[in-house]
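Okay, thanks for coming, everyone. I'd like to walk you through a new model today, so have a look at the screen and then we'll take it piece by piece.

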There are 4 protein chains.
Amino acid sequence: MHHGNRHGRSEQARLAVLEAADDLLVEHGFARLTVEAIAQRAGVAKQTIYRWWPSKTDLLLDAFLTDAAEELVPPDTGDLVTDLHVHLSNLARFLTNSDAGAVYRALTAESLHDPRLATRLRTEYLSAQRARDRLPLQRAVIRGHLPASTDLDALADHLVGPLYYRALITGEEIAPPYVEGLLASVLRGATAGPGMVQP
Amino acid sequence: MHHGNRHGRSEQARLAVLEAADDLLVEHGFARLTVEAIAQRAGVAKQTIYRWWPSKTDLLLDAFLTDAAEELVPPDTGDLVTDLHVHLSNLARFLTNSDAGAVYRALTAESLHDPRLATRLRTEYLSAQRARDRLPLQRAVIRGHLPASTDLDALADHLVGPLYYRALITGEEIAPPYVEGLLASVLRGATAGPGMVQP
Amino acid sequence: MHHGNRHGRSEQARLAVLEAADDLLVEHGFARLTVEAIAQRAGVAKQTIYRWWPSKTDLLLDAFLTDAAEELVPPDTGDLVTDLHVHLSNLARFLTNSDAGAVYRALTAESLHDPRLATRLRTEYLSAQRARDRLPLQRAVIRGHLPASTDLDALADHLVGPLYYRALITGEEIAPPYVEGLLASVLRGATAGPGMVQP
Amino acid sequence: MHHGNRHGRSEQARLAVLEAADDLLVEHGFARLTVEAIAQRAGVAKQTIYRWWPSKTDLLLDAFLTDAAEELVPPDTGDLVTDLHVHLSNLARFLTNSDAGAVYRALTAESLHDPRLATRLRTEYLSAQRARDRLPLQRAVIRGHLPASTDLDALADHLVGPLYYRALITGEEIAPPYVEGLLASVLRGATAGPGMVQP
DNA sequence: ATGTAACCGAGACGGTACGTCGGGTCTTGCC
DNA sequence: GGCAAGACCCGACGTACCGTCTCGGTTACAT
């Protein structure tokens, strides 16, 4: 265990900062998440924070990616409905009830003010998450449970969009029946033949 | 032309403040939307702002509700698909490309940090907007073009959720084909009989 | 008693700052005389200090000029030796033992690093002080107790120079006999005819 | 020529540091004389500086004593006036115009804030300098050109005090006539019998 | 017409947090 | 074991806005 030296930064300091940021955000909210408070909580000098992170949001993003990278991997049971039900439920819980989700919501909020952060959040987290969201659908196509012509990007959007909408916009809870209804409606649309839609 | 007096506030000052806030947000972004800048731009004293609006977000919400209350009323052509296509396209444009939408995105961002604002945004704007989102569906039920048993709240969520998701989360554009695909998928799911969904 | 308003700065705040600066310098020395400490001691915001004084030394100079402007006026007893003895003793006490002298020494120290301050200190304090130093000599010339041809500037330098030297450079105390010896030596030189000086 | 090793400190590093400190002080003034700048200019690590000098002023004092110890030795021509004229002129030039004088002025400035440095500056430089200032007077006493009863300390003070006063306090130049006038006045006082001074 | 009371622009105030800078300490690995 | 390198903690710096306050001027109704 060492401090900074000519060969690089102190991993100890780095982790203390990331954890302090996480904790302070969850405990006191974004408004009280100041660099000074993070530094004090982490037992670190402010300058050490500014040395390694250009801004508070870069720091939060780093904390989020470090802590939460492994979450939200969908299961692979062989059954599309089961896989999606589990995955969407996990996503809903992440968005509404988890500590990592609190960090994610704060980052999303900031990204609406800051296009640079929005880009980083998308390239460094969201694109991978969207790939995970598509995984059960891709497997179902391979198994023949979904038509090969299915637009998987669109279908994934139709499934997760309403969850983000409720979690971040309407603020309503996402109970299991809601997930089931969503799943039924969207999958029915995906598997039905060309319907009554054209006017 | 009058200023404040014992009988009430100056409408002139009120409008100047709201317009200045709107303009500064659109021109320079939320970060540079300071009360001092609004006061200077509006030619108004800071105290006049604090006298009438408890916080900057209350001011923004007032500006948003004043400017944009009349927008996004869905048409009533008698055809569900047409009505929804127009309405969802308008919603997409509002969320991604309008000045009022910029204010709405900023308010949404703040509401993720501030539950009190979230509540106000929902009761004073979002609930009415969601009612407008349901209107075409309600009319279709009355006309018999949708089953009477349809869960309209859920159906509306499934339609608008992906638009909010793309506009606020993924940042992708929402082209006409995307709206059409969404409409086809969700309406097909709504009108198909009970499908293959149950395992 | 009022705070700042459209009519200008708060005299209350101004005096609190000047007094706090004086006190802190005398109590803790220049090293611990920070703007933050002054602000806290005066019950004033840091910005209030920066609003009115360009730098800490400008503040100190203001404090010095406000507090000490009336000091060190030489007496006029009609007797040159008495006048000078009193005046030089007062000057010695000011330089070595007074609170105002502590501020003066600090300003002098800074002026050795800062030509701008040196100029201000000379034009706003020292030139007046040097005029006061010459006063007893001028009166003696008028009374005929000193030759009319006397170079008063030089003579004053010869009297006060050694006091500044001991007070600021050698740090030795300046006891009454020292002042008397100085006076005897310099005045003897001033009143003697052209002496053995030319080689 | 060797670097630091088991045999002791690197003389090369020591001299590079002292010279860098001197140069930076003369070139950029005391304000920009930072330890980091000295280290960089000397091609030395900061720690090497802190290892050998307790503080920046100790370093400056070391630089001053190393560079300037040999200066300001008065001549011995056998003629008091000549000796003093040369010596006082050299002293005046040192105080106002030399590089070593710049370092001395900076040290003097710091010593007014720092009693510990003041003591060191007096014991390690000033006392020797004052002894040199007294040398011509002592020789004159031996030669019988000054009364044996002369208070040499006081006389030396009366001669150099006004030079320090002009150089450090009033900032005026010290031209040859000023030195001559000073010399004439003070020596006349020293050689005249008991004068008109007692009231 | 004059007095009164509420609102107005202006801007100084006490604060909080920012991001930067320099001082002085510590660790590593080369020589 | 001295050295260069450089990350570290500490704490003061000067800045930007915050939200509060007081002021003198303005306006419009009520006497």
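**Chains, pairs and a helix contact**

Let's start with chains B and A: between them they bury about 3,900 Å², and 65% of that is on carbon and sulfur atoms. Before I go on, please keep in mind that this is a predicted model.

So how many residues of chain B are in contact with chain A? It's 46 residues of chain B, and they touch 46 residues of chain A. There are also four salt bridges counted between chain B and chain A. Here's a pair you can look up yourselves: E172(A) and R130(B) meet through their side chains in a salt bridge, at 3.0 Å from N to O.

Now, how do these two copies relate? If you rotate by 179 degrees, with 0.1 Å of shift along the axis, chain B superposes on chain A with an RMSD of 0.2 Å. If you want to find that axis on the screen, go to G189(B), whose C-alpha is the nearest to the axis in chain B, 1.8 Å from it. And 100% of the interface residues of chain B are interface residues in chain A too, so the copies meet through the same surface.

Over to chains D and C. Here 46 residues of chain D are in contact with 46 residues of chain C. The area buried between chain D and chain C is about 4,000 Å², with carbon and sulfur atoms giving 65% of it. The salt-bridge count between chain D and chain C is four. As an example, the side chains of R166(C) and D157(D) form a salt bridge at 2.7 Å, N to O.

What turn lays chain D on chain C? A turn of 180 degrees, with a shift of 0.0 Å along the axis, and the RMSD comes out at 0.1 Å. That's the relation of a two-fold axis. Both copies use the same surface here, as 100% of the contact residues of chain D recur in chain C.

What about chain D and the other chains? Chain A and chain D don't touch, and their nearest C-alpha atoms are 12 Å apart. Chain B and chain D don't touch either, with 35 Å between their nearest C-alpha atoms.

Okay, let's zoom in on salt bridges. Searching the whole structure turns up 60 of them over all chains. One of these sits inside chain B, where the side chains of R120(B) and D58(B) meet at 2.5 Å, N to O. R120(B) is in helix α7 of chain B and D58(B) is in helix α4 of chain B, so this pair ties together parts that are 62 residues apart in sequence.

Last stop, a helix pair in chain A. Two packed helices are described by the angle between their axes and the distance between the axes. For helix α6 (residues 99-111) and helix α7 (residues 115-143) of chain A, the axes come within 8 Å and cross at roughly 140 degrees. That makes α6(A) oblique to α7(A). On the α6(A) side, the contact residues include Y104(A) and L107(A), and on the α7(A) side they include L121(A) and Y125(A). By type, the residues of this contact split into eight nonpolar, two polar and one charged.

That's my tour, and I'm happy to take questions.

Note on methods. Residues are numbered from 1 along each chain as its sequence is written. Chains are lettered from A and ligands numbered from 1 in the order in which they are written. This is a predicted model: local features need pLDDT of at least 70, side-chain atom pairs count only at pLDDT 80 or more; totals for chains, interfaces and linings use all residues. Side-chain values use heavy atoms; hydrogens and water are left out. Copies are superposed by least squares on the C-alpha atoms of residues with pLDDT of at least 70 in both. Contact means heavy atoms within 4.5 Å. Axes are lines fitted to C-alpha atoms, for helices over the stretch in contact, and angles run from 0 to 180 degrees between N-to-C directions. Helices (H or I, at least four residues) and strands (E, at least two) are DSSP runs, numbered from the N terminus. Angles under 35 degrees count as roughly parallel, over 145 as roughly antiparallel, 65 to 115 as roughly perpendicular and the rest as oblique. Ala, Val, Leu, Ile, Met, Phe, Trp, Tyr, Cys and Pro count as nonpolar, Asp, Glu, Lys and Arg as charged, and the others, Gly among them, as polar. Buried area is the accessible area (1.4 Å probe) that two parts lose on being put together, summed over both.
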